[in-house]
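Visitor: I'd like a close look at one part of this protein, with enough of the surroundings to place it. Could you walk me through it?

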Amino acid sequence: MSMTNTHAHTDIHISQRYNANIDRPVYYAKSNTIEEEALIDHAVAHFGIREWAMACINSATHEHAIKLIDTDTGDMLDTDARW
């Protein structure tokens with residue numbers, strides 16, 4: 001799933017990809033105008049996530065980028081897994 005939302009002069013690119021290493025989707029939010037904290041808020045609301053782990057990531061196409069995983073799934077997450 002991939003989509004771009006436009007909100008009052010701001011572009012946020014939202015996507016998700018399944019990661020077999022952790023057996024769950026990883027959610028991504030990227031923007032050239034919105035900083036990381038606001039990207040987290042937007043992605044959490046968009047995907048309906050209540051508890052998460054996140055990381056800032058480098059993007060070749062956007063100035064600000066994050067990835068998150070839902071940690072409220074009831075499944076244990078292998079702490080050595082790369083996501």
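Visitor: To set the scene, what percentage of the 83 residues in the protein do buried residues make up? After that, please take me through helix 1 and whatever it packs against.

Guide: Buried residues come to 36% of the 83 in the protein. Keep in mind as we go that this is a predicted model. The accessible surface is about 5,400 Å², with 46% of that belonging to carbon and sulfur atoms.

Now for the layout. There are one helix and five strands, and from the N terminus the order is β-β-β-α-β-β. Of the contacts between residues at least 6 apart in sequence, 48% join residues at least 24 apart.

On to helix 1 itself, which covers residues 36-47. Its 12 residues reach 16 Å from the first C-alpha to the last, close to the 16 Å expected at 1.5 Å a residue. The buried positions in this helix are L39, I40, H42, A43, V44 and F47. Just past the helix sits G48, with a positive phi of about 70°.

Those buried positions lead us to the largest nonpolar core, a set of 13 residues. The members that touch the most others are A29, L39, F47, I49, I66 and L68. Strand 2 (10-19), strand 3, helix 1 and strand 5 (64-70) each give two or more residues to this core. Helix 1 provides the largest share, five residues.

A29 is a handy place to see what surrounds the helix. Setting aside residues up to four places away in sequence, A29 touches L39 and A43, along with H13, I14, H64, A65 and I66.

F47 deserves a stop of its own. The structure holds one aromatic pair, and its partners are Y27 and F47, with ring centres 4.3 Å apart. Their planes meet at 40°, so the pair counts as tilted. Y27 belongs to strand 3 (residues 24-31) and F47 to helix 1, so the pair ties together parts 20 residues apart in sequence. Both partners are tucked away: Y27 counts as buried because its relative accessibility is 11%, and F47 is buried too, with a relative accessible area of 17%. While you're in this neighbourhood, look at Y28: R17 lies over the face of its ring, at 4.7 Å from the ring centre.

Last, the loop that leads into the helix. I34 is found in the loop between strand 3 and helix 1, and I34 is buried at 15% relative accessible area. Its C-alpha lies 6.9 Å from that of H64, although the two are 30 residues apart in sequence. N32 has its place in this loop as well, but N32 counts as partly exposed, at 43% relative accessibility. Leaving aside neighbours within four places in sequence, N32 is in contact with D11, T61, H62, E63 and H64. D11 is 21 residues away from N32 along the chain, yet their C-alpha atoms are separated by 7.3 Å.

So to follow the helix on screen, start in the loop at N32 and I34, go along residues 36-47, and finish at G48 just after the helix.

Methods:
Residues are numbered from 1 along each chain as its sequence is written. This is a predicted model: local features need pLDDT of at least 70, side-chain atom pairs count only at pLDDT 80 or more; totals for chains, interfaces and linings use all residues. Side-chain values use heavy atoms; hydrogens and water are left out. Helices (H or I, at least four residues) and strands (E, at least two) are DSSP runs, numbered from the N terminus. The expected span of a helix is 1.5 Å times one less than its number of residues. Buried means under 20% relative accessible area, exposed over 50%, partly exposed in between (1.4 Å probe, protein chains only). Contact means heavy atoms within 4.5 Å. Accessible areas come from the Shrake-Rupley method with a 1.4 Å probe; for residues, only the protein chains shown count as cover. Rings of Phe, Tyr and Trp (its six-membered ring) pair if their centres lie within 6.5 Å; planes under 30 degrees apart count as stacked, over 60 as edge-to-face and the rest as tilted. A charge sits over a ring if NZ of Lys or CZ of Arg is within 6 Å of the ring centre and within 35 degrees of the ring normal. A nonpolar core is a set of buried Ala, Val, Leu, Ile, Met, Phe, Trp, Tyr and Cys residues joined through side-chain atoms within 4.5 Å.
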